Structures are given as C-alpha cells and as structure tokens.
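Here are some short exercises to help you find your way around a new structure. Try each one with the model in view, then read through the solution.

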Amino acid sequence: MPIKVPDDLPAAAVLEDENIFVMKEGRADTQDIRPLEILILNLMPTKVETEIQIMRLLSNSPLQTNIHLLQMATHVSKNTSQEYLNKFYYTFDEIRSKKFDGMIITGAPVENIDFTDVDYWDELCQIMDWSLKNVFSTMHICWGAQAGLFHHYGIPKYSLPEKMSGVFEHRAVVKDDPLLRGCDDLFWFPHSRHTEVRAVDINRNPHLHIIATSDEAGVGIVVSEKAGQVFITGHMEYESKTLAYEYDRDTKRGMSPHVPYHYFPNDDPTRDPVVRWRSTANLIFTNWLNYYVYQRTPYDVNLIGSDEDRK
C-alpha cells in the first residue's frame, strides 16, 4: 500500500524520484476503498494452469480484487470442458454492459496464424474495442500483446527463424515508469513465441513507448501514452516448470526445439530449471494494480470511459 503524505511535503518529491509508492494527501482524501474489478480473458488452452499463474501474481497485492473470467464464445476449447467454462467463465455478451478497473488478455498458441485467420479474431476485436471505453487499464501478454498492438496501432508481427524460448535479460529504458518501480536496472523474464514485434515499428507511433527491452529477445514491455494499455511480449506469469513442459511437448511432437535459453543449468534439460524472474513478475503485476489501476481508476466504476475518467 502507498504511504500518505501532505501534498506539499518536500520529501514527497524525493520519494517519488526514488520510485517509492507515495499517495498525495489530496488524492487520498478523495479516494474511498472498494474492491477492484479485474477481468481475465483467458485464451490459453491450459485454462486452469493459466488462471493459477495469473491469480497468484494478482494476489500479492494488499488490494482486494474481484476476479472475473472471460471465454471466447466463438471458439470451442479442446482442452477444457464446456461444463467447466459454463460454470466459471462469462461470455462477452454477459459482461459487455459492465465496467472493469482492469483486464488481462493472455497469450494464445496461434502465433503462426495470421491474425485475421484466428477463428475468434472478430470477437476478440470487439472485446478490445469495448475495452477502450469499459476498462480502465488493460494488460496484454505475449500473443495478446501482439494482437493488441496490431489491432489498436497497426503494429505487424514477424516470424522468427526459431522459437524464442527461454529466460532473457531485459533492461529498463524508461526507469521512472511506474510499472518498473522497484525493478533492478537489469531483470529477467521468460519468452515463448514464434513471432515478434519490432522496435522500429513501435517507435514510429508517438502514443507508444518501449520501457524495457532485451538484446536477445527484443522488445520486452510497451505502454500506451496514458498508461491505459500495457503490452508484455513474454510470460512473466510462467511457473518454474512451464518452459520445461513446453520443451518436452514440442520434442515429443518431433519439432526438434532448441533447449530453452538461460533456463536449465548448463542447458541440461534433465536438471531443474533456475527461476530468476519471480520477484520481477510479482513486482510488475503489483505495480500495475497499484499505479495503473488503483491510483487512477474512478471510485465509481460506472465513470470509466466517461469525461471524468483519467482525471
């Protein structure tokens, strides 16, 4: 939680420069407490595992969050029963009249398919358009980031010569962005994808800002001008064995994948992987909740998307 200080306290400016979570007295006095309404659009085939991974990161904040799960009505899941989806997931028609403080759009194993050929692409575009007026801040992950950058900003994706699989070092290029508060200058997180977005395309758009990048993995984190959208090209939410599972799966399919980079000790897949991204993942998800959502979202959720929004 933030520390509350008088608006004109000189120390406040110093603390903010050091990326300490400070809430000015004027803001604190006008902010009542209510749960945050967070929507998760889960596009991953391993629905339960992805739910656990993301909710684990969201739960690390002292903020109370109400989680709502969203499925694609135009897609038939091959790995999760319809009974499970009907019980725990909403469809877009069931939530389109509601407002949410935050939304997370996960990755999906459809990178090698053109966006417009994905069977639920039209429905996803409707949801992404709807989010602009009905969600205060949206975090896009991996393919979800590529899809969001393409749909909202026309940023293309490019095929890679081999799968980008492993845990890669990133550096903060906008160190004072609230999303990176408390992060080291260099930090690690996993990637698992066959395609990429490129800095040269993103930098042409004045409304987008790359705040973290990797010499090996390329663009790491992008934010929109008003911080309403966050695009993370990797998988901070992955558990310790997720890349190992994917490597074994791809090997059994005869795909001859490269051993995930910087993951197994000495690149030996018989050994337990080294986890070096957990603290970064917890910090960035907590920062997103605290700075991009909690401190900025209207107390009255119905004001999201109105003229009072983002004041």
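Which element gives the largest share of the lining of the largest cavity? Keep in mind as you look that this is a predicted model.

**Exercise 1. Work out who lines the largest cavity.**

Step 1. Begin with the count: there are 2 cavities of 30 Å³ or more. The largest cavity has about 60 Å³ of space.

Step 2. Pick out the lining, which is made up of K163, S165, L243, E246, Y247, D250, P257, H258 and P260.

Step 3. Now look for elements that supply two or more of these residues, and you get β8 (158-172) and α9. The answer to the opening question is α9, with 4 residues.

Step 4. Sort the lining by class: 4 residues are nonpolar, 2 are polar and 3 are charged.

**Exercise 2. Do the same for the second largest cavity.**

Step 1. The space here comes to about 50 Å³.

Step 2. Around this second cavity you'll find C142, Q146, R193, E196, V197, A217, G218, V219 and T233.

Step 3. Two strands, β9 (186-196) and β11 (218-224), each put at least two residues into this lining.

Step 4. By class, the lining of the second largest cavity splits into 4 nonpolar, 3 polar and 2 charged residues.

**Exercise 3. Classify the ring pair of Y153 and F231, and say what it ties together.**

Step 1. To describe a pair of aromatic rings, you give the distance of the centres and the angle of the planes.

Step 2. The structure has 15 aromatic pairs. In the pair of Y153 and F231, the centres are 6.3 Å apart and the planes make an angle of 80 degrees, an edge-to-face arrangement.

Step 3. Place the two residues: Y153 belongs to helix α7 (residues 143-153) and F231 to strand β12 (residues 229-232), so the pair ties together parts 78 residues apart in sequence.

Step 4. Check the exposure. Y153 is partly exposed, at a relative accessible area of 23%, whereas F231 is buried, at 0%.

**Exercise 4. Now classify Y247 and F264.**

Step 1. Their ring centres lie 6.4 Å apart and the planes meet at 65 degrees; edge-to-face needs an angle over 60, so this pair is edge-to-face.

Step 2. Y247 sits in helix α9 (residues 242-252) and F264 in the loop between α9 and α10 (278-294), so the pair links parts 17 residues apart in sequence.

Step 3. Are these two residues buried or exposed? Both Y247 and F264 are buried. You have met Y247 before, as one of the residues lining the largest cavity.

**Exercise 5. Find the charges that sit over rings.**

Step 1. Start at the aromatic cluster formed by F115, Y120, W121, W143 and F150.

Step 2. Over the ring of F115 sits the charged end of K157, 4.5 Å from the ring centre.

Step 3. Elsewhere, look at Y291: R181 lies over its face, at 4.5 Å from the ring centre.

**Exercise 6. Trace the partners of strand β10.**

Step 1. Strand β10 covers residues 208-214, and 6 of its 7 residues are buried.

Step 2. On the β8 side, 2 bridges join the strands, which run antiparallel. R171 stands opposite T213 in β10.

Step 3. With β11, β10 also pairs in the antiparallel sense, over 6 bridges. A212 has I221 in β11 as its bridge partner.

Step 4. What do β10 and β11 form together? They make a hairpin, with 3 residues between the strands.

Definitions and conventions:
Residues are numbered from 1 along each chain as its sequence is written. This is a predicted model: local features need pLDDT of at least 70, side-chain atom pairs count only at pLDDT 80 or more; totals for chains, interfaces and linings use all residues. Side-chain values use heavy atoms; hydrogens and water are left out. Rings of Phe, Tyr and Trp (its six-membered ring) pair if their centres lie within 6.5 Å; planes under 30 degrees apart count as stacked, over 60 as edge-to-face and the rest as tilted. Buried means under 20% relative accessible area, exposed over 50%, partly exposed in between (1.4 Å probe, protein chains only). A charge sits over a ring if NZ of Lys or CZ of Arg is within 6 Å of the ring centre and within 35 degrees of the ring normal. On a 1 Å grid over the protein atoms alone, a cavity is a set of points where a 1.4 Å probe fits but cannot get out, and a pocket is an open set with protein on both sides within 12 Å along at least five of seven lines; lining residues have an atom within 4 Å of a point. Grid points are joined across faces, edges and corners, and a volume is the space filled by probe spheres set on the points. Ala, Val, Leu, Ile, Met, Phe, Trp, Tyr, Cys and Pro count as nonpolar, Asp, Glu, Lys and Arg as charged, and the others, Gly among them, as polar. Two strands pair if DSSP finds at least two bridges between them.
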